[in-house]
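Hi everyone, thanks for coming. I'd like to walk you through a structure that may be new to you, one stop at a time. Have the picture open while I talk.

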Amino acid sequence: MSTPIALTTTYLGLRLAHPFMVGASPLAFDLDSVKRLEDGGSSAIVLHSLFEEQISLALSGRIHQMDPFEKQFAGALAGYPEHYALSPDGYLEHIRKVKAAVGVPVIASLNGMTPETWLQFAVRIDQAGADALELNMYAVATDPGEIGAVIERDLRNVVFELKHHLRLPIAVKMTPFFTAFADVAHQLDRAGADGLVMFNRFYQPDIDIDRMAAVPRLELSTNEELLLRLRWTALLHSQLRCSLAITGGVATPADGIKAILAGADAVQMVSAILRHGPAYFSKMRDGLLRWMESKEVTSLDEVRGRIDGSTADADVVERANYLRTLQSWRPALEDEPRRR
Ligand SMILES: Cc1cc2nc3c(=O)[nH]c(=O)nc-3n(C[C@H](O)[C@H](O)[C@H](O)COP(=O)(O)O)c2cc1C
């Protein structure tokens, strides 16, 4: 009799049936969709984010110390949404309901840019019964007086503080835009982060050339975005104590397998699920199973991190890869056929 194949993985200390789960998004706004995600095969549910701005508005009537009713702040605050799917209290209630409705782990998400009072809300998320918390410190450092090392220190302190006060595990959803990402990842690992989620997508407005104006643009991802995630996961996987999850550009079962080979413990998906529906998780799981059968592998531990980029001279290897890639390109400079 052949040995059964185990797809199980451990992420943030949580035992999961397989690595593929829905990422933070409106997909988990209501209970019906959450149940459909579980039925479709998502191995955990990451809820959409509760934002710092919502919490500070509910607690103090202000957003980043600014009163939305004061004229002088109208411009700065004009871009904020007027309505959110759930109030902060509604979010806590949602956690309780989702926990009662599904059997898979439920990961809440807090999203903010300053280490202020909103982080105290994390304690209430913990009390509401979430199995883990994903922290998304999405911020774009546009102030030329803001120093990179200070941003990194603040991030580390947030993790350190939260770990001190919370019982539940914490994952930090990361941006790749640090000068020395490996160092930041190590710092967060040492501060006690239970996992890193790589990477946040950075939503950039496009420019409408007719109106000559910046226009918001949110496009679903393609797997062109995956390579950056694979590279950093392969570089860091064997060096860090904490779990690693990949988010961004996982579109097919082959992409999910690549994430595991690079060293991911979990794989989060949003765009592909918005395109194909919740049952796509079963396709991901079946694709992984068939691939493991074809490679005669019986557990993910046998293959996770097989592509290990963390050699002693990783920086030199990176440079060599860069040179070889550029040199391998042979231009074929054909002009387009001329129209008569
Ligand atoms: C419509 C939409 C809403 C999202 N909302 C959140 C959110 O509330 N919090 C968060 O951390 N990420 C949010 N994300 C980012 C996703 O969790 C994910 O990291 C990103 O879409 C990359 O994964 P993908 O390539 O599988 O789409 C959102 C993405 C989309 C498309």
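Let's start with F199, which sits in the loop between β8, residues 195-198, and β9, residues 206-208. Click on the bond that leads into F199 from M198: that peptide bond is cis, with omega near -5 degrees. And before I go on, please keep in mind that this is a predicted model.

Move along to the loop between β9 and β10, where β10 covers 213-215, and you'll find M212. What is phi doing at M212? Phi is positive there, about 50 degrees, although M212 is not a glycine. M212 is also exposed: its relative accessible area is 72%, and the cut-off for exposed is over 50%.

There's another positive phi to show you, at E296, where the value is near 55 degrees, again in a residue other than glycine. E296 belongs to the loop between α11, which is 280-294, and α12, which is 314-327. Is E296 buried or exposed? With a relative accessible area of 72%, E296 is exposed.

Okay, on to the ligand. The shell around it has 19 residues, and the ones that come nearest are A24, S49, N136, S221 and S271. If you sort the shell by class, you get six nonpolar, eleven polar and two charged residues.

Which atoms of S221 approach the ligand? An N or O atom in the side chain of S221 is 2.5 Å from a ligand oxygen. K173 also uses its side chain, with a polar atom 2.9 Å from an oxygen of the ligand. With G249 look at the backbone instead: an N or O atom there lies 2.8 Å from a ligand oxygen. And how much of the ligand does the protein cover? On its own the ligand has 620 Å² of accessible area, and the protein covers 88% of that.

Next, empty space. Rolling a probe the size of a water molecule over the atoms is a way to see where space is left. I'll take the second largest pocket, which has a volume of about 720 Å³. How many residues line the second largest pocket? There are 26 of them, and M137, A139, A141, I151 and T175 lie nearest the centre.

Which element gives the largest share of that lining? That's α6, with seven residues. In the sequence α6 runs over 148-165, and β7, at 170-174, also supplies at least two residues of the lining. By class, the lining has 16 nonpolar residues, plus five polar and five charged.

While we're on α6, have a look at E152, which lies in that helix. E152 has a relative accessible area of 16%, and buried means under 20%, so E152 counts as buried. If you'd like a sense of distance, go from E152 to L50: they are 102 residues apart along the chain, and their C-alpha atoms are separated by 22 Å.

Another acidic residue to find is D189, in helix α7, residues 181-191. Is D189 buried or exposed? D189 is buried, at 9% relative accessible area. What does the side chain of D189 reach? It gets to the backbone nitrogen of R241, at 3.0 Å.

Last stop: the loop between β3, residues 20-22, and α1, residues 31-40, where you'll see P26. P26 counts as exposed, because its relative accessibility is 51% and the line for exposed is drawn at over 50%. From P26 to Q120 you count 94 residues in sequence, and in space the two are 24 Å apart, C-alpha to C-alpha.

D30 also lies in the loop between β3 and α1. At 37% relative accessibility D30 is partly exposed, since that falls between the 20% and 50% cut-offs. Which residue does the D30 side chain contact? Its partner is S33, side chain to side chain, in a polar contact at 2.9 Å. Then try D30 and W291: they are 261 residues apart along the chain, and 34 Å separates their C-alpha atoms.

That's my tour, so over to you for questions.

How values were computed
Residues are numbered from 1 along each chain as its sequence is written. This is a predicted model: local features need pLDDT of at least 70, side-chain atom pairs count only at pLDDT 80 or more; totals for chains, interfaces and linings use all residues. Side-chain values use heavy atoms; hydrogens and water are left out. A residue is near a molecule or strand if one of its heavy atoms lies within 4 Å of it. A polar contact is a pair of N or O atoms within 3.5 Å; within protein, one must be able to donate a hydrogen and the other to accept it, and residues adjacent in sequence count only if both atoms are side-chain atoms. Accessible areas come from the Shrake-Rupley method with a 1.4 Å probe; for residues, only the protein chains shown count as cover. Ala, Val, Leu, Ile, Met, Phe, Trp, Tyr, Cys and Pro count as nonpolar, Asp, Glu, Lys and Arg as charged, and the others, Gly among them, as polar. On a 1 Å grid over the protein atoms alone, a cavity is a set of points where a 1.4 Å probe fits but cannot get out, and a pocket is an open set with protein on both sides within 12 Å along at least five of seven lines; lining residues have an atom within 4 Å of a point. Grid points are joined across faces, edges and corners, and a volume is the space filled by probe spheres set on the points. Helices (H or I, at least four residues) and strands (E, at least two) are DSSP runs, numbered from the N terminus. Buried means under 20% relative accessible area, exposed over 50%, partly exposed in between (1.4 Å probe, protein chains only).
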